[in-house]
Amino acid sequence: MVRMTKSKTFQAYLPSCHRTYSCVHCRAHLANHDELISKSFQGSQGRAYLFNSVVNVGCGPAEERVLLTGLHAVADIYCENCKTTLGWKYEHAFESSQKYKEGKFIIELAHMIKDNGWE
């Protein structure tokens, strides 16, 4: 008996000529290195990166949370392929000094790996 399995398809593939970040659990592309804003963020499970934009992620409902930099409205983001929670999206910053984070994404290092051209 031959068993057919469906191959994984992602919503978006990032160009292979660019350094990218992928989900450590299923290797779905998440972000292009050019979209990286900062490497000095803290997630709930350790270090995290702040990105301008990401791909292949879903967004949960926004909720208010007190983070290290104050009160923010954030929505958890998860990998569309394997459904692992990766980090969050900043929906609203209540302090004026934190407004630059609005619409940006945090992905924790524990959930991503580097792909393509990092040598």
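**Entry 1: salt bridges**

A salt bridge here is a side-chain nitrogen of Lys or Arg within 4 Å of a carboxyl oxygen of Asp or Glu. I note at the start that the model is a predicted one. With that cut-off in hand, I looked up the total, and the structure holds 5 salt bridges.

I took the pair of Asp-115 and Arg-27 to begin with. The closest N and O atoms of this salt bridge are 2.5 Å apart. Asp-115 lies in strand 9 (residues 112–115), while Arg-27 lies in the loop between strand 1 (20–23) and strand 2 (29–32), so the salt bridge ties together parts that are 88 residues apart in sequence.

Are the two partners buried or exposed? Asp-115 has 11% relative accessibility and counts as buried. Arg-27 has a relative accessible area of 43% and is partly exposed.

I then moved to Arg-65. Its salt bridge with Glu-63 has closest N and O atoms 2.8 Å apart. Glu-63 is partly exposed, at 41% relative accessibility. Arg-65 also meets Asp-76 in a salt bridge, at 2.8 Å from N to O. Arg-65 is in strand 5 and Asp-76 is in strand 6 (residues 70–79), so this pair ties together parts 11 residues apart in sequence. For Asp-76 I found a relative accessible area of 31%, which is partly exposed. Through shared partners, the salt bridges join Glu-63, Arg-65 and Asp-76 into one network.

**Entry 2: backbone angles**

Which residues other than glycine have a positive phi? I wrote down Arg-27, with phi near 70°, and Asn-56, with phi near 60°. Arg-27 is the residue from the loop between strand 1 and strand 2. Asn-56 sits in the loop between strand 4 (46–51) and strand 5. I checked the cover of both. Asn-56 is buried, with a relative accessible area of 5%, whereas Arg-27 is partly exposed at 43%.

**Entry 3: strands 5, 6 and 7**

I followed strand 6 and its pairing partners. Strand 5 and strand 6 pair in the antiparallel sense over 9 bridges. A hairpin of 2 residues joins strand 5 to strand 6. To place this pairing on the model, I looked for residues that face each other. Gly-58 stands opposite Tyr-78 of strand 6, and Ala-62 stands opposite Ala-75, also of strand 6.

Strand 6 also pairs with strand 7 (residues 85–93), in the antiparallel sense and over 7 bridges. Here Tyr-78 stands opposite Thr-85 of strand 7. Tyr-78 therefore has Gly-58 opposite it in one pairing and Thr-85 opposite it in the other. The hairpin of strand 6 and strand 7 has 5 residues between the strands, and Lys-83 in this turn has a positive phi of about 70°.

How many residues of strand 6 are buried? I found 7 of the 10, so strand 6 is largely enclosed by the rest of the structure.

**Entry 4: nonpolar cores**

I looked up where the buried nonpolar side chains gather. In soluble globular proteins, nonpolar side chains tend to be buried together. The largest nonpolar core in this model has 17 residues. Those with the most contacts inside this core are Tyr-21, Leu-30, Phe-51, Val-54, Leu-86, Ile-107 and Met-112. The elements that give two or more residues to this core are strand 1, strand 2, strand 4, strand 6 and strand 8 (105–108).

I picked Leu-86 for a check of its neighbours. Leaving out residues up to four places away in sequence, Leu-86 touches ten residues by name: Cys-23, Leu-30, Val-57, Ile-77, Tyr-78, Cys-79, Ile-106, Ile-107, Glu-108 and His-111.

There is also a second, separate core of 7 residues. Among its members are Phe-41, Leu-50, Tyr-90 and Ile-106.

**Entry 5: a nonpolar patch on the surface**

Last, I looked for nonpolar side chains on the outside. Which residues form a nonpolar patch on the surface? They are Val-66, Leu-71 and Phe-94, and together they have about 280 Å² of accessible area. Val-66 belongs to strand 5 (residues 57–67). Its relative accessible area is 70%, over the 50% cut-off, so Val-66 is exposed.

Conventions: Residues are numbered from 1 along each chain as its sequence is written. This is a predicted model: local features need pLDDT of at least 70, side-chain atom pairs count only at pLDDT 80 or more; totals for chains, interfaces and linings use all residues. Side-chain values use heavy atoms; hydrogens and water are left out. Patches are made of residues with over 30% relative accessible area and no salt bridge: like charges are joined within 9 Å, nonpolar side chains (Val, Leu, Ile, Met, Phe, Trp, Tyr) within 5 Å. Accessible areas come from the Shrake-Rupley method with a 1.4 Å probe; for residues, only the protein chains shown count as cover. Helices (H or I, at least four residues) and strands (E, at least two) are DSSP runs, numbered from the N terminus. Buried means under 20% relative accessible area, exposed over 50%, partly exposed in between (1.4 Å probe, protein chains only). A nonpolar core is a set of buried Ala, Val, Leu, Ile, Met, Phe, Trp, Tyr and Cys residues joined through side-chain atoms within 4.5 Å. Contact means heavy atoms within 4.5 Å. Two strands pair if DSSP finds at least two bridges between them.
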